[in-house]
Amino acid sequence: MGSGAWSTDVYRAASAYRKATGASAFAYSDGGARTVHPTLDPGGVAARESRDSTEHPQSLAVAVLFDVTGSMGGVPRTLQQKLPQLLGLLLRKGYVTDPQILFGAIGDATCDRVPLQIGQFESDNRMDDHLGNIVLEGGGGGQMMESYELAMYFMARHTSIDCHQRRGKRGYLFVIGDEMAYPKVKAREVRKIIGDDLDEDVPLRAIVDEVRRRWDTYYLMPAGSHYAGNRRILDFWRDLLGQNAVELDDLDAVCETIATTVALGEEACDLDTALADLRDVGAGDAATTVSRALARIGADRSPAVRGTLPAASGHADQVTRL
Amino acid sequence: MNPVASSVAGDGTGRHVAVVDLGYGDAGKGTVVDWLCASGPVDAVIRFNGGGQAAHNVVLPDGRTHTFAQFGAGTFHGVPTHLSRFVVVDPLALAGEATHLAGIGVPDALDRVTVDREALLATPYHRAANQAREIARGADRHGSCGMGVGESMSYALAHPDTAPRVGDCLDEGLLRHRLRLLRDRLTAELGPLDAPPVADTVTAFTAFARRVAIVDGSWTTRLLRAGPVVFEGAQGVLLDEWHGFHPYTTWSTTTFGNVDTLLAEAGLPGAVTRLGVLRVVTPRHGPGPLVTEDPALRPEERHNGTNAWQGRFRFGHFDAVAHRYALDVTGGVDALALTHLDLVGQYRLRLCDGYDWTDRLPVGPPGDLDRQAALTAKLLASRPRYTADPEPDPDGWVAAVEAALGVPVRLTSHGPTAADKVARRAADKVARLTAAAGR
């Protein structure tokens, strides 16, 4: 063994490069799987947990659930390529110290084989494995509706997050999709997919209110997906979530949008600073998309003290102000 | 004018910046490159010497740290790294380093590295041979890092046509053939080597080639003709293979020589601001001359402990004679970065302006190693003279170093993070940076 700082073990290196190759992170799905991977099965799960630890004393839960049905076209695959950067973006600028990220996928409980897939909260790149195990549906209801309400039900009643329980701070839930939710969480579907015995259906607005008590909830609607730009769908989500329903004109900027939203929510910085940070890490194109998507959210947040790298001098004049 | 160059060189002399250590290494190149990449748009960091044995520590304000060995020290700011053909590339250590970066929030470092196909490979066989030789030297160790970098360079000198290079990783059969040849030659010379089977090395190296972008020499030219680039040097000028104090040197050109070559090939000779890095105490890792060594100097070193191959981390007072020699052999610099100024006041730091026999070491023609060995013998018998101690505050030190070396100090470092750096150009610039750092 040499004295260099890094391991020169030949077997570990081979494994690291193979793992990092990631030609298809959706290996499970591409292998022809049509049932939920055991690690992503919401059935019989008491709770997905995000916990403080000595290593991560200030855990902050961030959940990203995306629509994997046919109407989304190539979006799920793009998300699969982009989402592994999210942890790095959150940490790189010190917006949060101990993010714990959960990925999940939403289908249509009325016709899909895999209507809900929910990973675990992870604070390292194990979350990429969950992404890789997600089954892409490809089908689609054709009714401009997917089972977002079922996913919200799970997040409302089957998650346990220390940031909220110990510190009264809500987690962040991002739902990425391009259709409307069904008007009710159906007791029958909950029983079949999650395993709870409900006496009656839960109206959509009730479950939205419930999930928002613990989760600062956002709906991101990407351009380039089937119904994107459809005002009716955006209005539907604006009616439920207000300004937290956001239209995203460039999917490449999805991680930057999520990270910036969390930074604003944590009052780690204001929008201008966050955009300058993006340019700072070479994500200048993303900054334009993010500023367009988040202008409404960032506008009413006041600047706050931030303890991170100094903003690059000379960048401020390049920031797009909306 | 590139803002990065202007920030370190006043009027500046070039669009790119080259960072070189004017001592024995460990002066803080990593933290200076990190600051440059935090301060302005930088298209790429280009490495132009050394290999996986580099250890450039960077500390972020949030406490995350990384010891950059092959990735450029601008990686935390998203700046891509290019390993030029002068770097000895260690694909195994690169994987280990990428894994650590992923764990601290940089999952895509491998996506942002390009490697010149002509670069030599450091392999487990070089490494095992390197270590076998150092062990055989016993007490007379040269201070090799045991990473096989020098072994790879010397093997390539002896066998230029069959030495394994990065591009070979794209051709499994060729790679296997060259690795076998290498292993067999080294085994014949040194006996059995403690290294994995060739087949396993081939597996790892071809996986490396599938994952990392391997480019030809025109890539460097493209980078240099586009935006500002930071050249990140490894080790220090006083360890240079030709001008260092033989035999306590490295198998690598640690001057600006390779930078000048790459710029000339791109048709941009001289388009660079040369920044020399010095530390208020002169450190040295391992054996060899250190005229001003003072066992009473024990600044806390978070990252540089004793290691089995290089031995103890030693400290001497600021050795202006040695640094003057470094400036002479490398053709001078446009500006200096002076690091570890936070130590001023904590220790009685002195500045050696002359030895008992001279205040300027003679510069010989490159390659005359007998002459260099004689100089080494002379240095090992030299005694430092401390004529006037600098005022014990940062300004006093900056003034004393500028006077002793005749070069302006354009950047000072007062702590581990980019926020602890102050550019000294004009009053307005200092004020702006101080304000930014305090935000």
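In chain B of this predicted model, 62% of the 439 residues count as buried. The secondary structure of chain B comprises 13 helices and 17 strands, and among its contacts between residues at least 6 apart in sequence, 77% join residues at least 24 apart. For chain A, 57% of the 322 residues count as buried, and 13 helices are accompanied by 12 strands. Of the contacts in chain A with a separation of 6 or more, 79% are accounted for by residues 24 or more positions apart.

Chain B contains an open sheet of 10 strands with mixed pairing, in which the strands follow the order E7-E6-E5-E2-E8-E1-E9-E12-E16-E17. The sheet is bordered by strand E7 (213-215) and strand E17 (421-423) of chain B, each of which pairs on one side only, and the twist from one strand to the next averages 25 degrees. Within this order, strand E9 (residues 272-279) and strand E12 (residues 335-339) of chain B pair in the parallel sense over five bridges, and Val277(B) has Ala337(B) in E12(B) as its bridge partner.

Helix H2 (residues 29-39) of chain B packs on the sheet, where it touches strand E1 (16-21), strand E2 (44-47), strand E8 (229-232), E9, E12, strand E16 (409-413) and E17 of chain B. The direction of H2(B) makes about 165 degrees with that of E1(B). The helix is mostly covered, with 11 of its 11 residues buried; charged and polar residues take part in this burial, including Lys29(B), Thr31(B), Asp34(B) and Ser39(B), as do Val32(B), Val33(B), Trp35(B) and Leu36(B).

Helix H12 (residues 394-405) of chain B was examined for its length as well as its packing. At 1.5 Å a residue, its 12 residues should span 16 Å, and because the end C-alpha atoms are 16 Å apart, the model agrees with this expectation. The buried residues of H12(B) are Gly396(B), Trp397(B), Val398(B), Ala400(B), Val401(B), Ala404(B) and Leu405(B), and they pack against E9, strand E11 (313-319), helix H10 (320-330), E12, strand E13 (351-352) and E16 of chain B. Strands E9, E12 and E16 of chain B, which belong to the open sheet, are thus contacted both by H2(B) and by the buried residues of H12(B).

Strand E10 (residues 281-285) of chain B is mostly covered, five of its five residues being buried. From E10(B), Val281(B), Pro283(B) and His285(B) point one way, whereas Thr282(B) and Arg284(B) point the other way, and all are buried. This strand runs antiparallel to E11(B), to which it is joined by five bridges, and in this pairing Val281(B) stands opposite His317(B). Strand E11(B) also receives buried residues of H12(B).

A further buried position in chain B is Asn258(B), which lies in helix H9 (residues 257-265). Its relative accessible area is 9%, and Asn258(B) therefore counts as buried, the limit being 20%. When neighbours within four places in sequence are left aside, Asn258(B) is in contact with Phe48(B), Asn49(B), Phe86(B) and Thr253(B).

A search of the whole structure finds 12 aromatic pairs over all chains. One of them is formed by Tyr219(A) and Trp237(A), which are stacked at 3.9 Å centre to centre with 10 degrees between the planes. This pair links distant parts of the chain, since Tyr219(A) lies in strand E11 (residues 215-222) of chain A and Trp237(A) in helix H10 (residues 231-241) of chain A, 18 residues apart. Tyr219(A) has 0% relative accessibility and so counts as buried, and Trp237(A), at 0% relative accessibility, counts as buried too. Ring pairs also link Tyr219(A) and Trp237(A) with Tyr148(A) and Phe236(A) into a cluster.

Aromatic rings also take part in contacts with charged side chains. In chain A, the charged end of Lys186(A) sits over the ring of Tyr182(A), 4.5 Å from its centre. In chain B, Lys378(B) lies over the face of Trp357(B), at 4.5 Å from the ring centre.

Methods:
Residues are numbered from 1 along each chain as its sequence is written. Chains are lettered from A and ligands numbered from 1 in the order in which they are written. This is a predicted model: local features need pLDDT of at least 70, side-chain atom pairs count only at pLDDT 80 or more; totals for chains, interfaces and linings use all residues. Side-chain values use heavy atoms; hydrogens and water are left out. Two strands pair if DSSP finds at least two bridges between them. Helices (H or I, at least four residues) and strands (E, at least two) are DSSP runs, numbered from the N terminus. Axes are lines fitted to C-alpha atoms, for helices over the stretch in contact, and angles run from 0 to 180 degrees between N-to-C directions. Contact means heavy atoms within 4.5 Å. Rings of Phe, Tyr and Trp (its six-membered ring) pair if their centres lie within 6.5 Å; planes under 30 degrees apart count as stacked, over 60 as edge-to-face and the rest as tilted. Buried means under 20% relative accessible area, exposed over 50%, partly exposed in between (1.4 Å probe, protein chains only). A charge sits over a ring if NZ of Lys or CZ of Arg is within 6 Å of the ring centre and within 35 degrees of the ring normal. The expected span of a helix is 1.5 Å times one less than its number of residues.
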